[in-house]
Amino acid sequence: MCCIRAVELRLGRLFADGEVPGFIHLSVGQEAVATALGVVLRKDDTVASTHRGHGHALAKGVDLNDFFLELMAKEEGICKGRGGSMHVADLSIGMLGANAIVGASVPIALGSALAHQVRKTDAIAVAFFGDGAMAEGVLHESMNMASLWKLPLLFVCENNGWAEFSPTQKQFVAPLDKLASAFSIPHVKVGGNDVMDVIDAASAAVERIRSGAGPQVIECITHRWRGHYEGDPQKYRSSDELAGLGEHDPLTRHEASLLKQGVVASAVEAIRHEIDELVEQAVANARNGRSPDWSAAISDVYTNMEAN
Ligand SMILES: Cc1ncc(C[n+]2csc(CCOP(=O)(O)OP(=O)(O)O)c2C)c(N)n1
């Protein structure tokens, strides 16, 4: 969680300074969900993510240096600097990619879940999506197929109450549990700002799915601290809501719990310090990376393979 927070706060500053091209959407406040899934999943499990996917990528194991090289559009980045924030992918560790299209993570994870099933492994696929995807037909179709075929697919909804500038209830007429139950998929709702609670819910779901029981939904109630995108003035949110966000901080909450269990404050501080240093090294490394050459702009776009 500390690493995701440090990376995103640093990215926010780099973006403001013009060092990160394109748009970025930060998940500050939502770190407990990505972290918990990172704890529970194995390397051979696969993850498809959203436009707010930095935490998902890092928790799945994307290397910090590779991550900054990619976000800062360098040739040495995991996607040669062409994917950027909304398309971070690393197939070698099961990170199928972030995705700019709302809901599009879901059919990608569905296809991957089918591949796990056909190959008869006990790996599972995870689809992260926001509450905004609840109104997308592709989620409904994917739920239907996943349930019919008993696919090893975990649907993880990060419900932060907002889809861009509209509250959830103005986006979709039913709660997610009703939608899941229409497709006979078990649904569990969990407080998404408590990392241990999300770990518990995710462990139980993953164990069930690995045993062949078919898909499951976990709905994590969480809070988006920043605007929809960096630079969003958030005029659509009340000052009370914005002022109260700190109460939901997953990091403060977990730190308090660790201290209560006898962990000394200096140990927590040492972790924070070590992470800050690693992040700074990764930024320095990325600054030294090569910018992609224009002559390579269309390589990997077309293939010479004959269609058949
Ligand atoms: C199919 C589609 N429709 C609309 C958009 C524009 N759009 C980008 S993000 C977003 C809201 C997403 O909200 P949510 O899924 O709740 O995720 P959050 O931003 O809260 O993490 C919308 C409507 C899009 N990218 N794709």
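Helices (H or I, at least four residues) and strands (E, at least two) are DSSP runs, numbered from the N terminus. The model is predicted: local features need pLDDT of at least 70, side-chain atom pairs count only at pLDDT 80 or more, and totals for chains, interfaces and linings use all residues. Residues are numbered from 1 along each chain as its sequence is written, and side-chain values use heavy atoms, without hydrogens or water.

Asp90 lies in the loop between α4 (64-71) and β2 (95-97). Asp90 is buried (under 20% relative accessible area, 1.4 Å probe, protein chains only). Asp90 has no salt bridge (a side-chain nitrogen of Lys or Arg within 4 Å of a carboxyl oxygen of Asp or Glu). The nearest side chain of opposite charge, Lys43, is 8.5 Å away; Lys and Arg count as positive, Asp and Glu as negative, and His and the chain ends are not counted. The side chains of Asp90 and Ser92 form a polar contact of 2.6 Å (N or O atoms within 3.5 Å, one able to donate a hydrogen and the other to accept it; residues adjacent in sequence count only if both atoms are side-chain atoms). Beyond its neighbours within four places in sequence, Asp90 is in contact (heavy atoms within 4.5 Å) with Val62, Ile78 and Met95.

The largest nonpolar core (buried Ala, Val, Leu, Ile, Met, Phe, Trp, Tyr and Cys joined through side-chain atoms within 4.5 Å) has 52 residues. Helix α8 (residues 195-213) gives the most to this core, eight residues. Phe67 is among the residues with the most contacts inside this core. Leaving aside neighbours within four places in sequence, Phe67 is in contact with Val7, Leu11, His54, Leu58, Val62 and Val88.

Terms used. Buried < 20%, exposed > 50% of the residue type's maximum accessible area, 1.4 Å probe, protein only.
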